[in-house]
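Reader: I'm new to this, so could you take me slowly through one part of the model? I'd like to see how a single helix sits where the two chains meet.

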2 protein chains.
Amino acid sequence: MIRRLINKIETLQAPIVVGLDPMLSYVPEQIQKQAFEEYGETLEGAAEAIWQFNKKIVDAVYDLIPAVKPQIAMYEQFGIEGMKAFQKTVDYCKSKDLIVIGDVKRGDIGSTSEAYAVGHLGTVQVGSKSYTGFNEDFATVNPYLGSDGIKPFLKVCKECDKGIFVLVKTSNPSSGEFQDQLINGTPLYELVGRKVAEWGEECMDGAYSNVGCVVGATYPEMGKVLRTLMPKTYILVPGYGAQGGKAEDLVHYFNADGLGAIVNSSRGIIAAYKQEQYQHFGSENFADASRQAVLDMKEDINSAIARR
Amino acid sequence: MIRRLINKIETLQAPIVVGLDPMLSYVPEQIQKQAFEEYGETLEGAAEAIWQFNKKIVDAVYDLIPAVKPQIAMYEQFGIEGMKAFQKTVDYCKSKDLIVIGDVKRGDIGSTSEAYAVGHLGTVQVGSKSYTGFNEDFATVNPYLGSDGIKPFLKVCKECDKGIFVLVKTSNPSSGEFQDQLINGTPLYELVGRKVAEWGEECMDGAYSNVGCVVGATYPEMGKVLRTLMPKTYILVPGYGAQGGKAEDLVHYFNADGLGAIVNSSRGIIAAYKQEQYQHFGSENFADASRQAVLDMKEDINSAIARR
C-alpha cells in the first residue's frame, strides 16, 4: 500500500494529504440549512451536512492529492449517523481513487486490536462469508500497549496490503508530557520510533514499509532525528498550517530521495474560505477556496524541499 | 458518576463488571443460526447475533452486577451494523439500570478528544438542539498524548456527571515495553498514575474521583504500588480469569474501606458455558452458565478481600 501511496505522490508531485475533519462550524450556512430542511436539526441532519460538505471538497481537490485523512472522532460525535457519514466519505474517496488514511488512533490488547485491524483495514468472517468493515487503506494506531497491540495490525497489513501510521511524537502542545520523558537519556518517542522501524521490517513494500509513523510538524528538531533513525518509515506529519508547522520546518522529515513524508492539513484546507487569504471566494464557493489552498500548500512544501 | 457506581457496588456487594466483548465464536450455534436465517450471513446477521447474545446475558445477570463494560472493537469490526449493536447494547443495559463503561480507549489531540468526549459521554450541538451520541456512563481513555487529550474528557465529566478510566498499566504481556520504562528511576506507568491522580482532583465525586484508571490484574505488585499512590482513584481491573489474574492478587487493588477497585471479567463470564466447569449447563442455557460464573466470581473476590 505504501508503494501505491508513493506512486500517487510522485505522479501528482504532492506529498500532501487533506484531513477531512468536518466540524459543523466549518460547514457553510447554506449546506447546513439544506441538510436541516431535509432531516431537521437532528444527528441525521448533522451527518448529512458534513457528508455534503466533504463531497464538495473532495470533488474540488481529488485530482490534486494522493490521499485524504478523515478523523473519525468528528463523525463519531454524531453517533451512528455520524459513522454512516464516515463510511460514505471513505467509500466516496476510494471511488475517486484517493487513498484513505483512517485517523482512528485505535490500539488495545491483542485480541481487541485484532478486531480493530479487521474492522478498519481487513475483512471479518461471518459464517462462511467474509466482509470488509470500514475498509480504509491506512489507519493510525496508538502504541501505548506495546507490540501486542500492534501485531494484529501488521498481520492485516501483510494479508490485505494495507498500512498503518503509529503515533510516535504527536503535534499537540502537551505531547511531551509522556513522549519526551528520558529513558537512559533517550526520549520515549525515540524508543517508540525504534520499535516502529523494527515492526516495519516485516512489512516492507518496495523501499519503504507499510508501517509508518506520525510525527507532528510542530516539533521539527525531533522530526529531524527521527528521520535518520527510521529511514524506511514513512512519516505522516500533522500540524502544518493551522497548528503552526511551517514548510521550512518540514524539509527534514523528507529523505534525500524527496520521499519519506506526507504532510497533512485539515482546517487549513477544508475551512480555507474562512481565512482572510481566501475570503474572496465567498462561502458559496468554499470548495474552490479549498482547491486554491491545496495548490498553495503543494507549492509551499515543494518549494521548501527544492530550496534545501 | 463514581458515587453512583460505588452505591451500586455496595448494595450488591459486587465490585465486579462484566465485559460484553462478544466474539462471534462465543455466540451459541442456535443464536447464530436464527440471526443468519433472518438476515443472512451478513454484517447485519452478525450484529443481530451478538446483540441477541448480549441481551440474554444481560437479562440473566443484571440484578447481580453494578456495571457492564462493552468493548467497542468487538462491534466496530462489523462496521456500521456492529456499531448499531453497540448502541443497542448500551441503551439496553441502561434501561436495566446498569452503569455502562464504554471500553473505547479513545484519545487524541484537544479538539479531537473533545469530539470523542462529546460523542461517548456528553451531548453534541446540532443547530439549536443538543443530542447524546453513544451515551455511555464511563469511557476508557489512552494517555499517550498527555493532558491535552484528557482535558476535554474532564470537562464533559464535570458538565454531565460522567467518568473516565485512563490506561495506566494494561493487562497484556507486552504492556511493559513502554509502560515499564524507567524515567529517573520511576516507571512510566507510575508517572501516568500521578498525572491521573492530579487530573482526578478536579473531578471529585464524594470520596473518589470521576477520573479512574486501568491497572491490569496480571501485574499485582504494580497494582499495590499504584493503589497507594492514587488513593482517591478508582481502579478498573481487567485481566481477571481468562487472562490469568487471581482474586488473591487483587486484594491490594482495594483500599482499606473495601472500595477503590472494580474487577472486570469478559470471556470468563460471557463464554462461561464453554468452560469445563460450566459445561453441564449446555449451550442452550449459556446465560445461566454466565449467571453462575458471576456468582462464583463475586464469591471468589469477596472472600479474598475478607481473608486479607
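**A helix at the meeting point**

Author: Let's go straight in: the buried residues of α6(B) pack against α4 (73–76) and β3 (99–106) of chain A, and also against β3 (99–106), β4 (123–126) and α7 (147–160) of chain B. Contact here means heavy atoms within 4.5 Å. Helices (H or I, at least four residues) and strands (E, at least two) are DSSP runs, numbered from the N terminus.

A quick word on the ground rules: this is a predicted model, where local features need pLDDT of at least 70, side-chain atom pairs count only at pLDDT 80 or more, and totals for chains, interfaces and linings use all residues. Residues are numbered from 1 along each chain as its sequence is written, chains are lettered from A and ligands numbered from 1 in the order in which they are written, and side-chain values use heavy atoms, with hydrogens and water left out.

Back to the helix. α6 of chain B covers residues 110–120, and eight of its 11 residues are buried, buried meaning under 20% relative accessible area (1.4 Å probe, protein chains only). Among them are B:Thr112, B:Tyr116 and B:His120.

Now look at the partner chain. Helix α6 of chain A gives the most to the side of chain A that touches chain B, with seven residues. Overall, 71 residues from chain A and 71 residues from chain B take part in the contact. Chain A and chain B bury about 5700 Å² between them, 63% of it on carbon and sulfur atoms; that's the accessible area (1.4 Å probe) that two parts lose on being put together, summed over both. On the chain A side, A:Glu41, A:Tyr144 and A:Phe178 lose the most area to chain B, together 16% of what that side buries.

There are charges at work too: the rule finds four salt bridges across the interface, each a side-chain nitrogen of Lys or Arg within 4 Å of a carboxyl oxygen of Asp or Glu. One of them joins B:Glu76 to A:Arg106, with the closest N and O atoms 2.9 Å apart.

And how do the chains match up? Chain A can be laid on chain B with an RMSD of 0.0 Å by a turn of 180° and a shift of 0.0 Å along the axis, superposing by least squares on the C-alpha atoms of residues with pLDDT of at least 70 in both. The two copies are thus related as by a two-fold rotation axis. What's more, 100% of the interface residues of chain A are also interface residues in chain B, so the copies meet through the same surface.

How values were computed: Buried < 20%, exposed > 50% of the residue type's maximum accessible area, 1.4 Å probe, protein only.
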